[in-house]
Amino acid sequence: MLIRNTDRDWNHRLGSEITPAALYHGRRDWMRQVAAGAAGLGLAAWAARDARAQMGTARPGKLSALPAVGSKVAGAVTMEKLTSYQDASTYNNFFEFGTDKADPARNSGRFQTSPWSVSVEGLVKQPRTFALEDLLKLSAQEERTYRLRCVEGWSMVIPWIGYSLAELLKRVEPLGSAKFVEFVTAADSKTMPFVGSGVLEWPYVEGLRLDEAMHPLTLLSFGMYGEILPKQNGAPVRLVVPWKYGFKSSKSLVKIRLTETEPRTAWVKSAPQEYGFYSNVNPQVDHPRWSQASERRIGEDGLFAKKRKTLMFNGYEAQVAQMYAGMDLKKFY
Ligand code: MTE
């Protein structure tokens with residue numbers, strides 16, 4: 001069942017009912033080790049907390065803190081009210097754990113996120129497997145508040161923590177023949193109860209064009225609301241692609257592969273007429289079964305809550321539209 005809560009009446013007891021603190025002890029120890037190597041963590045965490053206090057958003061204070069130093073990326077800042085942590089971590093799509101929005105928080109307890117590594121391979125000069133600890137240290141983390149807009153017509157505003165995926169891709173030196181990037185995610189049937197079910201083909205695979213993957217707004221994210229990601233939100237590392245429908249933002253990444261041809265994504269395999277490869281948020285292109293012109297902001301619902309008009313490219317038009325100049329966005333939906 002969806003547990004609703006407002007920012008004001010957030011309390012720790014409710015949070016720990018959803019994801020028992022004991023589940024995180026191992027990860028806490030590990031994060032402490034990682035943190036020990038990260039200079040200035042205390043100050044950065046304090047700065048993030050201070051920024052959040054100014055925004056009037058309670059910090060859950062449950063998982064380990066991640067450093068955040070404010071955003072350097074133009075267009076990454078929104079003044080919209082943040083979705084509560086409670087909603088962002090209990091109303092999720094993560095089909096490896098079930099199809100109900102409450103399933104990922106409920107069913108992800110046994111999923112192991114440490115040790116973890118991500119291999120970056122395919123058409124690159126320097127293929128390499130990065131341990132999570134190395135990924136965390138690869139670049140300074142920033143807090144970026146992005147809208148995530150789901151194809152089902154709801155949206156959230158979440159302060160993600162991470163850095164541009166481009167920072168990682170540059171290290172492996174893409175070859176001239178690389179045109180696309182495939183993202184492969186974890187598929188462990190022992191700890192992910194729906195892996196093996198007929199919901200989708202597993203593992204969950206997504207993809208971007210190389211220029212989209214290199215765009216500074218495309219975030220490799222390790223945390224949200226100042227803390228490491230909860231499992232249901234894609235721990236320990238996920239993508240956030242804010243101008244596309246939420247399903248492009250692959251969770252729990254294990255492999256990033258650069259390719260010459262367009263990757264066959266899980267959704268294109270299962271329902272190509274409904275979920276295209278591009279999936280740019282576009283109020284003018286209806287989903288075959290519903291309009292995409294408006295959206296419901298999670299936390300603002302209720303019988304009389306007004307829907308919001310959906311913005312082209314989810315409001316990031318100024319930053320990303322030029323990548324699609326000359327393309328028929330009805331055809332390449
Ligand atoms: N990643 C994996 N591995 N498996 C999934 O089922 N669901 C996608 C995306 N990433 C999904 C995934 C969908 S449909 C959405 S809307 C977003 O994650 C939801 O992210 P959130 O739960 O953090 O809001």
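**Reading a predicted model, feature by feature**

Q: Does Ser279 count as buried or exposed, and at what relative accessibility?

A: Ser279 counts as buried because its relative accessibility is 4%, and the cut-off for that class is under 20%. The model is predicted, and this reading applies to the predicted coordinates.

Q: What is notable about the backbone of Ser279, and where in the fold is the residue found?

A: The phi angle of Ser279 is positive, about 55°, although the residue is not a glycine. Ser279 belongs to the loop that runs between helix H9 (266-270) and strand E11 (294-297).

Q: Which positive phi value does Asn314 have, and is Asn314 buried or exposed?

A: Asn314, also not a glycine, has a positive phi of about 60°. Asn314 is in the loop between strand E12 (308-309) and helix H10 (317-320). With a relative accessibility of 2%, Asn314 counts as buried.

Q: Which residues does a cis peptide bond join at Pro203 and at Pro236?

A: The omega angle is the value to read. Trp202 and Pro203 are joined by a cis peptide bond with omega about 0°, and Pro203 is part of the loop between E5 and E6. Ala235 and Pro236 are likewise joined by a cis peptide bond, here with omega about -5°. Pro236 is placed in the loop between strand E8 (227-228) and strand E9 (238-240).

Q: Why is strand E6 described as largely enclosed?

A: One counts the buried residues along the strand and then examines each face. In E6 (residues 205-209), 5 of the 5 residues are buried, so the strand is largely enclosed by the rest of the structure. The burial extends to both faces: Val205, Gly207 and Arg209 lie on one side, Glu206 and Leu208 on the other, and all are buried.

Q: In which sense do E5 and E6 pair, and over how many bridges?

A: The pairing is antiparallel and comprises 5 bridges. To locate it in the model, one may take Glu182, which stands opposite Gly207 in E6.

Q: In which sense does E1 pair with E2, and in which sense with E10?

A: Each partner is read separately. Strand E1 (residues 117-122) pairs with strand E2 (residues 128-131) in the antiparallel sense, over 4 bridges. In that pair, Ser119 stands opposite Thr129 in E2, and the two strands form a hairpin with 5 residues between them. E1 also pairs with strand E10 (residues 253-259), in the parallel sense and over 4 bridges; there Glu121 has Arg257 of E10 as its bridge partner.

Q: Where does Ser177 lie, and which residues does Ser177 touch beyond four places away in sequence?

A: Ser177 is found in the loop between helix H7 (165-172) and strand E5 (180-185). Leaving aside residues up to four places away, Ser177 touches Leu123, Thr259 and Glu260. The C-alpha atoms of Ser177 and Thr261 are 9.7 Å apart, although 84 residues separate the two along the chain. Ser177 is partly exposed, because its relative accessible area is 27% and that class lies between 20% and 50%.

Q: How many residues are around the ligand, and which come nearest?

A: One begins with the shell and then turns to individual atom pairs. There are 16 residues around the ligand, and Asn92, Phe95, Arg238, Ser249 and Lys251 come nearest. By class, the shell has 6 nonpolar, 7 polar and 3 charged residues.

Q: Which atoms of Phe95, Thr185 and Ser249 should be examined beside the ligand?

A: For Phe95, a backbone N or O atom lies 2.7 Å from a ligand oxygen atom. For Thr185, a polar side-chain atom is 3.3 Å from a nitrogen atom of the ligand. For Ser249, a polar backbone atom is 2.8 Å from a ligand nitrogen atom. The protein buries 99% of the 540 Å² that the ligand exposes when taken alone.

Q: How many helices and strands does the chain have, and what share of its residues is buried?

A: The secondary structure comprises 10 helices and 12 strands. Of the 333 residues, 56% are buried. The chain exposes about 14,300 Å², with carbon and sulfur atoms supplying 55% of that area. Among contacts with a separation of 6 or more, 74% are between residues 24 or more positions apart.

Terms used:
Residues numbered from 1 in each chain as written. Predicted model: local features only at pLDDT ≥ 70, side-chain atom pairs only at ≥ 80, totals over all residues. Heavy atoms only, no water. Near = heavy atom within 4 Å. Polar contact = N/O pair within 3.5 Å; in protein donor to acceptor, adjacent residues only side chain to side chain. Areas by Shrake-Rupley, 256 points an atom, 1.4 Å probe, with all protein chains shown as cover. Nonpolar A, V, L, I, M, F, W, Y, C, P; charged D, E, K, R; others polar. Buried < 20%, exposed > 50% of the residue type's maximum accessible area, 1.4 Å probe, protein only. Contact = heavy atoms within 4.5 Å. Pairing = 2+ DSSP bridges.
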